[in-house]
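Work through the exercises below with the model open. Try each task before reading its solution.

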Amino acid sequence: MQNRESLKVPIQSNNEIQAAFGEADIHLRTIEDSFNVHVQMKSDGLQVVGDDSDGVHCAARAFESLLHLIRTGQRISAGDVRYATRVAKDHTNAKSKEIVGESIPVFSKHGAIRPKTLGQRRYVEAINKYDLVFGIGPAGTGKTYLAMAMAVAALKSGKLSRIILTRPAVEAGENLGFLPGDLAAKIDPYLRPLYDALRDMMPTETLDNYIERNVVEVAPMAFMRGRTLNNSFVVLDEAQNATIEQMKMFLTRLGFDSKAVVTGDITQTDLPLGKSSGLVDAQRVLASVDGIAFVHFSKDDVVRHELVQRIIEAYEQPSQNDTPDQ
């Protein structure tokens, strides 16, 4: 008879078990099914049992990751469980505390905001350490949202006195001139995602007050020309759509006691044919400049619906339907 593998995961309280297992044991079933194991409750912890040693160790590591979150006051979501299982498979030697970062002192409608992946943790650490950080990677990796959370945290703590959020107003298959309204109405669709994220992090009344007092400014990139941004946290979003000239203009706006984060996905450039991306160019020009950090995200850092990761993987693969020209 084949010997079954077994591994114990220490538990500190029944509340931890309830949180880790989830409502109606939904998180428990996800981990058991992912690694083909069975989890038993013992007086001093969880007993993970299975026929495969790797599966048992991965399941135990997934539970350790979730328990680390629980012990730091986090509520466990289905996305947390999916990521814990994914990381357990891919990073079997990683310690649970290395998988996620500490919470950012900003709360959204869903609770505390924190890095949820290894890439996100490196990103937040880079923003804390450097005055200029580039976050480059696919959609759904939290590049912009985390940068804005760090900006709100800096404002709340008094480290910086202003937040400036900007995007290039590049038309993604649409013509600005045909949109209804004045200039403000035409550019609003480009800036709306930034407003939505801010409203997720602070009450509407507070945000409106900050905007009225110019403490928070959300504006197209063209509005940055000729300015010096002192004592500010500046976030440039969708930077792949900035031209080389625009990128140079933006980066040279940074003033005293300021911090800037530039985010973008170089695979989704909407610039006209013949125009080079300033984000791509910045990687080349600034790669060896001291005091600047480049953080690259991958599909493993996607924290949206699990289908997003599969979509990114599919687009990264050569098409199976492509045939050579006859």
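## Exercise 1: Contacts of Q246

The model is predicted.

Task: Find which residues Q246 touches, leaving out those up to four places away in sequence. Then decide whether Q246 is buried, partly exposed or exposed.

Solution.
- Step 1. Q246 touches M221 and N241, with residues up to four places away in sequence not counted.
- Step 2. Place the residue: Q246 sits in helix α10, residues 244-251.
- Step 3. Check its side chain. A polar atom there lies 2.9 Å from the backbone nitrogen of T243.
- Step 4. Look along the chain. R225 is 21 residues apart from Q246, and their C-alpha atoms are separated by 8.7 Å.
- Step 5. Classify. The relative accessible area of Q246 is 24%, so Q246 is partly exposed. Buried would need a value under 20%.

## Exercise 2: R114

Task: Where is R114 found? Is R114 buried or exposed? Which side chain does a polar contact join to that of R114?

Solution.
- Step 1. R114 lies in the loop between β5 (111-113) and α6.
- Step 2. Its relative accessible area is 6%. The cut-off for buried is under 20%, so R114 is buried.
- Step 3. The side chains of R114 and D80 are joined by a polar contact of 3.0 Å.

## Exercise 3: The sheet and its helix

Task: What is the strand order of the open sheet of three strands, and which helix packs on the sheet?

Solution.
- Step 1. The order is β1-β3-β2, and the pairing is antiparallel.
- Step 2. Find the edges. β1 (5-10) and β2 (37-42) each pair on one side only.
- Step 3. From one strand to the next, the twist averages 25°.
- Step 4. Take one pair. β2 and β3 (residues 45-50) run antiparallel over six bridges. K42 has G45 of β3 as its bridge partner.
- Step 5. Add the helix. α3 (residues 53-71) packs on the sheet and touches β1, β2 and β3. The direction of α3 makes about 10° with that of β1.

## Exercise 4: Two helices

Task: Describe how α6 packs against α7: at what angle do their axes cross, and which residues make the contact?

Solution.
- Step 1. Two numbers are needed, because packed helices are described by the angle and the distance between their axes.
- Step 2. The axes of α6 (residues 118-129) and α7 (residues 143-157) come within 11 Å and cross at roughly 35°.
- Step 3. The crossing is right-handed.
- Step 4. α6 contributes Q120, Y123, V124, I127 and N128; α7 contributes K143, L146, A147 and M150.
- Step 5. Sort the contact of α6 with α7 by class: six nonpolar, two polar and one charged residues.

Definitions and conventions:
Residues are numbered from 1 along each chain as its sequence is written. This is a predicted model: local features need pLDDT of at least 70, side-chain atom pairs count only at pLDDT 80 or more; totals for chains, interfaces and linings use all residues. Side-chain values use heavy atoms; hydrogens and water are left out. Axes are lines fitted to C-alpha atoms, for helices over the stretch in contact, and angles run from 0 to 180 degrees between N-to-C directions. Helices (H or I, at least four residues) and strands (E, at least two) are DSSP runs, numbered from the N terminus. A crossing is left-handed if the near helix is turned anticlockwise from the far one by less than a right angle, and right-handed if clockwise. Contact means heavy atoms within 4.5 Å. Ala, Val, Leu, Ile, Met, Phe, Trp, Tyr, Cys and Pro count as nonpolar, Asp, Glu, Lys and Arg as charged, and the others, Gly among them, as polar. Two strands pair if DSSP finds at least two bridges between them. Buried means under 20% relative accessible area, exposed over 50%, partly exposed in between (1.4 Å probe, protein chains only). A polar contact is a pair of N or O atoms within 3.5 Å; within protein, one must be able to donate a hydrogen and the other to accept it, and residues adjacent in sequence count only if both atoms are side-chain atoms.
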